[in-house]
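Please look over the sequence and the coordinates shown here before reading the report. The text is meant to be read with both in view.

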There are 4 protein chains.
Amino acid sequence: MIIVTQPHATEDQIDRIIARVREFGLDAQIIRGATRIIVAVIGSDGLAREKPLAAMPGVEAIIPAPKPYKLASYEFRGGASSVPIGNVKVGRTENIALISGPCSVESQEQILSIAKTVKKAGASILRGGAFKPRTSPYSFQGLEKDGLRFLAKAREETGMPVITEIMDARDLSIVEKYADCLQIGARNMQNFSLLKEVGRSHLPVLLKRGFSATLNDLIMSAEYILKEGNMNVLLCERGIRTFENSARYTLDLNAIPILKSRTHLPVVVDPTHGIGLREYVPQMSMAALAAGADALMIEVHNAPELAKSDGEQALTPDIFEELVPRLRAVAQAVGRTL
Amino acid sequence: MIIVTQPHATEDQIDRIIARVREFGLDAQIIRGATRIIVAVIGSDGLAREKPLAAMPGVEAIIPAPKPYKLASYEFRGGASSVPIGNVKVGRTENIALISGPCSVESQEQILSIAKTVKKAGASILRGGAFKPRTSPYSFQGLEKDGLRFLAKAREETGMPVITEIMDARDLSIVEKYADCLQIGARNMQNFSLLKEVGRSHLPVLLKRGFSATLNDLIMSAEYILKEGNMNVLLCERGIRTFENSARYTLDLNAIPILKSRTHLPVVVDPTHGIGLREYVPQMSMAALAAGADALMIEVHNAPELAKSDGEQALTPDIFEELVPRLRAVAQAVGRTL
Amino acid sequence: MIIVTQPHATEDQIDRIIARVREFGLDAQIIRGATRIIVAVIGSDGLAREKPLAAMPGVEAIIPAPKPYKLASYEFRGGASSVPIGNVKVGRTENIALISGPCSVESQEQILSIAKTVKKAGASILRGGAFKPRTSPYSFQGLEKDGLRFLAKAREETGMPVITEIMDARDLSIVEKYADCLQIGARNMQNFSLLKEVGRSHLPVLLKRGFSATLNDLIMSAEYILKEGNMNVLLCERGIRTFENSARYTLDLNAIPILKSRTHLPVVVDPTHGIGLREYVPQMSMAALAAGADALMIEVHNAPELAKSDGEQALTPDIFEELVPRLRAVAQAVGRTL
Amino acid sequence: MIIVTQPHATEDQIDRIIARVREFGLDAQIIRGATRIIVAVIGSDGLAREKPLAAMPGVEAIIPAPKPYKLASYEFRGGASSVPIGNVKVGRTENIALISGPCSVESQEQILSIAKTVKKAGASILRGGAFKPRTSPYSFQGLEKDGLRFLAKAREETGMPVITEIMDARDLSIVEKYADCLQIGARNMQNFSLLKEVGRSHLPVLLKRGFSATLNDLIMSAEYILKEGNMNVLLCERGIRTFENSARYTLDLNAIPILKSRTHLPVVVDPTHGIGLREYVPQMSMAALAAGADALMIEVHNAPELAKSDGEQALTPDIFEELVPRLRAVAQAVGRTL
């Protein structure tokens with residue numbers, strides 16, 4: 001941490017700043033410049049100390065220690081991690097995982113049929129929502145426990161592991177019974193109670209970036225899960241909110257190389273939500289692979305015009321089948337397989 | 001809802017669009033323009049119907065019914081509401097409520113002392129966090145149950161009703177025991193499980209805007225609470241995330257007149273988080289009143305440089321005391337009292 | 001400037017960094033921490049030196065000198081400035097200036113009539129566009145030279161000084177002939193050729209903030225004008241682009257106290273563009289005054305529904321007349337006059 | 001254009017709305033719904049008419065005709081265009097153009113050396129700035145005319161056509177003498193005087209997206225150039241401003257498929273500015289190709305740590321040489337060449 005003083009900070013103020021630093025059990029070095037003084041704090045500083053110091057008279061700015069996370073940092077592992085979802089490895093492996101399925105589970109028949117279709121086309125993991133976070137209380141809220149059972153049946157018939165969202169800590173034991181990977185949705189990325197709870201689960205967690213979370217916010221939320229002992233976390237970029245209104249969100253592909261240099265955790269991209277318009281999902285899927293994504297999560301629905309949620313962005317099975325070979329070509333171009 | 005077709009939509013596509021509208025039990029009127037056809041849907045349309053229609057071939061855009069909320073709408077009440085927090089009315093009343101206190105409850109002594117100070121200066125409601133949502137798992141997480149007890153004691157000694165944050169549905173019964181108003185923090189604004197839960201509480205709810213939530217998102221989250229039967233909801237503007245990096249957030253005062261024209265719910269402003277820098281909180285507090293806020297929530301801490309959270313933005317008691325008469329002058333200038 | 005090294009920077013890299021700093025004629029002090037080294041650069045550093053240093057091997061981050069501007073800084077004057085627009089002083093004076101008029105000059109009759117109306121209601125400066133920057137080439141582009149003549153005539157009849165926009169350096173001599181203050185529009189805030197040109201004018205310059213310019217960008221653009229010798233610059237907040245879509249822009253009132261602490265230049269607020277919806281302009285005008293604005297710029301049009309530009313946001317004369325006494329009350333509440 | 005009335009609009013208000021529509025020479029059709037009336041306007045409506053109508057009493061919203069541009073629209077050509085830059089075609093062609101060179105021309109030797117290097121590595125067009133738009137007036141402003149001469153010499157020696165930025169309409173004749181393609185920088189995207197001027201040039205124009213311009217704003221600025229008769233316009237995505245602060249800008253690759261569906265103009269991507277950090281430029285370059293870019297513009301500098309501008313983002317020749325074969329592999333994977 002570096003403390004920059006105001007141009008006219010008094011000697012008395014500076015003495016008190018240094019005294020406070022030492023109260024925290026840290027050491028301080030002082031540099032006197034032409035117009036201001038810099039106090040370099042040495043030792044393991046943390047957020048709890050930055051803020052009180054920032055509030056002291058004479059302080060102009062605190063430059064925080066660059067990385068507030070530990071367990072999630074690339075340096076912690078010294079390399080990329082591989083996270084198992086059922087029998088599929090995601091991350092430090094040549095193979096790129098293709099996660100697919102509908103936004104919501106709507107019936108046993110629907111999820112079975114889509115599961116078979118996407119598996120045949122090349123998907124290796126099945127996604128489907130049983131508990132649905134919806135902006136409106138009047139929208140379809142998911143089949144809940146029935147949805148989970150339908151997903152488990154689809155896993156049984158296709159062999160694909162299942163990812164599904166958990167919205168409430170009280171549902172953990174039931175979701176754990178049926179799923180292979182827990183999804184934390186964008187709106188719950190900073191629901192810290194829920195993060196701590198899934199941090200105690202034996203299942204891996206796919207953590208979606210909040211649509212206005214910085215990359216460091218996302219990593220800090222992963223740190224909540226890791227700190228509880230669950231080291232199997234995947235980070236998912238799914239679009240951020242910007243002034244641009246041509247698409248529902250702005251897919252932030254800068255996130256891929258940046259996250260991969262800061263953390264050891266696998267990076268998943270959800271192009272479906274990231275652009276939100278079916279016709280452009282193929283291009284953004286290929287772009288995500290070229291930028292280094294470890295997995296793609298793509299919505300597919302047999303009859304998007306009948307879907308109970310997000311129908312305008314799901315691919316039809318035909319388009320998905322036609323897309324997979326193109327994804328394979330891009331994967332190969334960047335030295336991976338799919 | 002209005003459906004705009006693509007320029008070259010076929011008659012067959014249009015027939016299917018109209019058939020679908022009628023399947024939903026709605027009526028349709030068709031207008032043929034020079035280059036495209038408009039289908040006006042008549043009846044009570046909802047989100048569940050918009051999206052499947054948007055996914056149909058031949059559809060260019062769906063213009064949703066302007067207001068997706070009902071119970072929160074201004075028209076529902078035909079005027080502003082007044083929400084009681086303990087013995088204080090907020091909203092449709094001449095008086096502007098001043099909510100004050102520290103970010104976190106840190107000890108019995110601390111909260112008692114601050115409560116007495118702010119009451120004397122003019123505050124009528126006490127705020128303080130017992131459960132703290134923190135970006136980092138390594139930051140202070142609050143005194144939890146002890147914090148609640150300390151707050152209740154401060155209420156007993158000062159007579160001020162208490163607002164405190166709830167982060168987990170499982171804590172509702174304990175928080176209800178000690179608080180007069182439940183706060184939903186910005187990071188939980190779309191934690192729909194929690195919204196439903198507080199919708200069943202007998203206590204009023206202060207709902208903070210997510211820092212990247214649109215005003216309609218905020219109103220829809222209020223609608224979740226109202227729909228469960230709890231009609232005492234207050235909306236709180238507390239700053240949004242933008243590209244501007246001079247302050248922690250951009251306080252969006254446009255929100256005040258817009259929310260007050262769209263809903264009947266009282267509008268509270270939190271200038272402390274909205275600009276995040278102590279020295280500018282007074283100006284933004286006065287601006288919020290001038291724009292029509294029904295209440296202000298201002299952080300005060302006896303020793304900001306020792307605060308366990310957000311010290312750089314809390315006012316000292318001296319500055320707060322000096323501010324209150326200036327707030328009164330602005331309140332009077334806009335025809336209200338404080 | 002502070003240079004923070006990467007955790008594993010080599011001694012050799014650090015030596016080269018220090019050598020480069022000295023090549024720039026600056027001095028360097030080195031602090032060795034647990035995991036990284038900090039090089040504090042002493043002397044008058046500038047942007048031209050930061051970037052090459054940032055590109056050197058071993059450098060993790062450059063923390064720039066906090067203020068890249070000089071002539072615009074508060075410290076340069078040690079107090080607020082007052083800028084004369086014709087016979088009206090704006091800035092370091094008790095009185096708040098009220099700038100009013102239509103978006104575009106449409107005819108001699110129109111501008112004369114509006115000028116008289118706003119003057120009678122309390123405005124002291126007349127605004128009106130003769131050259132109009134329009135997003136679409138098919139929109140009305142202004143009356144150009146005729147518009148300027150009509151403005152000058154309105155000044156003659158009412159005694160109010162005139163502000164008008166200049167879009168092209170080649171128009172400077174003609175605009176200077178008719179106007180009392182040059183306006184640089186938001187879209188030209190970083191048209192550096194134009195900034196240099198108006199920096200050589202004898203007229204004051206009202207510089208509008210680009211709708212995605214940071215406050216420091218705005219101050220740096222002012223610095224371009226000041227550097228050419230024109231010290232009469234006014235900064236104008238007029239709304240920024242954010243994800244919020246309820247209003248055309250988000251009026252950033254945080255800008256007022258922040259700009260006033262960083263610079264000596266007067267701060268003008270344009271609530272008309274900042275919220276873009278007529279019905280909310282009064283509230284935002286009062287809020288701007290309460291936050292400390294030195295002047296307000298409010299669009300008024302006799303017949304907004306016939307206006308050739310921005311009709312939906314201009315106040316009618318009736319609403320403007322009714323607003324002025326409310327503005328006076330707020331000005332008085334914050335210790336000023338209007 | 002569709003006019004939606006307020007819920008309680010009177011018959012009298014609606015009659016006046018319709019009368020106004022007819023005054024504009026347009027036709028109107030009326031649909032009466034349960035709570036509001038819709039007026040569909042038929043005929044070639046334009047922005048000049050929308051706004052006055054939006055200001056009329058009884059109007060709640062105007063839904064504009066979806067596409068306010070004409071000459072730039074995909075439908076205008078019914079396919080993609082190909083724009084020649086010297087002897088290189090960009091756009092509707094299998095080949096993807098690689099534009100490369102330094103941010104600023106710094107000397108004859110520098111530009112010659114870089115030109116030869118990038119040509120050998122695979123670039124087909126040379127870029128380099130002679131007039132530099134810099135946020136600070138104290139930063140290097142370019143070699144101006146000398147820079148242009150050095151560029152022309154580099155073209156002579158390498159055979160590569162040259163792109164360079166024009167910042168001031170008064171420089172057009174001199175820039176035209178030396179360049180093969182005019183660049184309009186992000187900060188001048190809405191400098192409408194300059195757009196009109198280059199619209200009269202015989203040279204193609206590379207138009208960079210303003211960092212807070214919507215895609216429609218960008219297309220409208222292209223329309224300004226096209227309307228003057230210059231049909232050779234290329235659109236360039238170069239990153240937008242968002243709340244994310246990990247990189248200088250957020251490269252918006254959603255822009256590629258959206259622009260290509262809306263317009264016939266070629267789409268160029270500048271990953272160098274779009275992420276602003278050298279180490280991530282390769283990944284974002286490959287992603288841009290995979291998403292469908294027609295050309296890439298990548299900064300290369302022989303000695304980035306000595307560069308007079310933007311050194312931290314330029315690739316070294318080594319990294320560039322190593323990148324080109326990877327770009328070729330991705331181009332091939334999406335059915336193109338490079």
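The report below takes up the relation between chains, a barrel, one helix and the cysteines.

## Basis and chain symmetry

The structure is a predicted model, and the descriptions that follow should be read with that in mind. Two copies of a chain are related by a rotation about an axis and a shift along it. Here, a turn of 180° combined with a shift of 0.0 Å along the axis lays chain A on chain B with an RMSD of 0.1 Å, which is the relation of a two-fold axis.

The residue of chain A that comes closest to this rotation axis is Ser212(A), whose C-alpha lies at 2.9 Å. Of the interface residues of chain A, 100% are also interface residues in chain B, so the copies meet through the same surface.

## The barrel of chain C

In chain C, eight strands form a closed barrel in the order β7-β8-β9-β10-β11-β12-β13-β14, and their pairing is parallel. From one strand to the next, the twist averages 25°.

One of these neighbouring pairs can be followed at residue level: strand β12 of chain C, residues 233-237, pairs in the parallel sense with strand β13 of chain C, residues 267-269, over three bridges. Within this part of the barrel, Leu235(C) stands opposite Val267(C) in β13(C).

## Helix α5 of chain B

Helix α5 of chain B covers residues 145-158, and its 14 residues reach 20 Å from the first C-alpha to the last, which is close to the 20 Å expected at 1.5 Å a residue. After the helix comes Gly159(B), which has a positive phi, near 80°.

The buried residues of α5(B) are Gly147(B), Leu148(B), Phe150(B), Leu151(B), Ala152(B), Ala154(B) and Thr158(B). Their cover includes two helices of chain B, α4 (108-121) and α6 (172-178), together with the strands β8 (125-127) and β9 (162-165) of chain B.

## Cysteines without disulfides

Over all chains, the structure holds zero disulfides. Cys236(B) is accordingly in no disulfide, and the nearest cysteine sulfur, that of Cys181(B), is 10 Å away; since a disulfide needs two cysteine sulfur atoms within 2.5 Å, that distance does not qualify. Cys236(B) is also buried, with a relative accessible area of 0%.

Why does Cys103(C) have no bond to the closest cysteine sulfur? The closest cysteine sulfur belongs to Cys236(C) and is 13 Å from the sulfur of Cys103(C), too far for a bond. Cys103(C) is likewise buried, with a relative accessible area of 6%.

Conventions: Residues numbered from 1 in each chain as written. Chains lettered and ligands numbered in written order. Predicted model: local features only at pLDDT ≥ 70, side-chain atom pairs only at ≥ 80, totals over all residues. Heavy atoms only, no water. Buried < 20%, exposed > 50% of the residue type's maximum accessible area, 1.4 Å probe, protein only. Least-squares fit on C-alpha atoms with pLDDT ≥ 70 in both. Contact = heavy atoms within 4.5 Å. Helix = DSSP H or I, 4+ residues; strand = E, 2+ residues; numbered from the N terminus. Expected span 1.5 Å × (residues − 1). Pairing = 2+ DSSP bridges. Axes fitted to C-alpha atoms, helices over the stretch in contact; angles between N-to-C directions.
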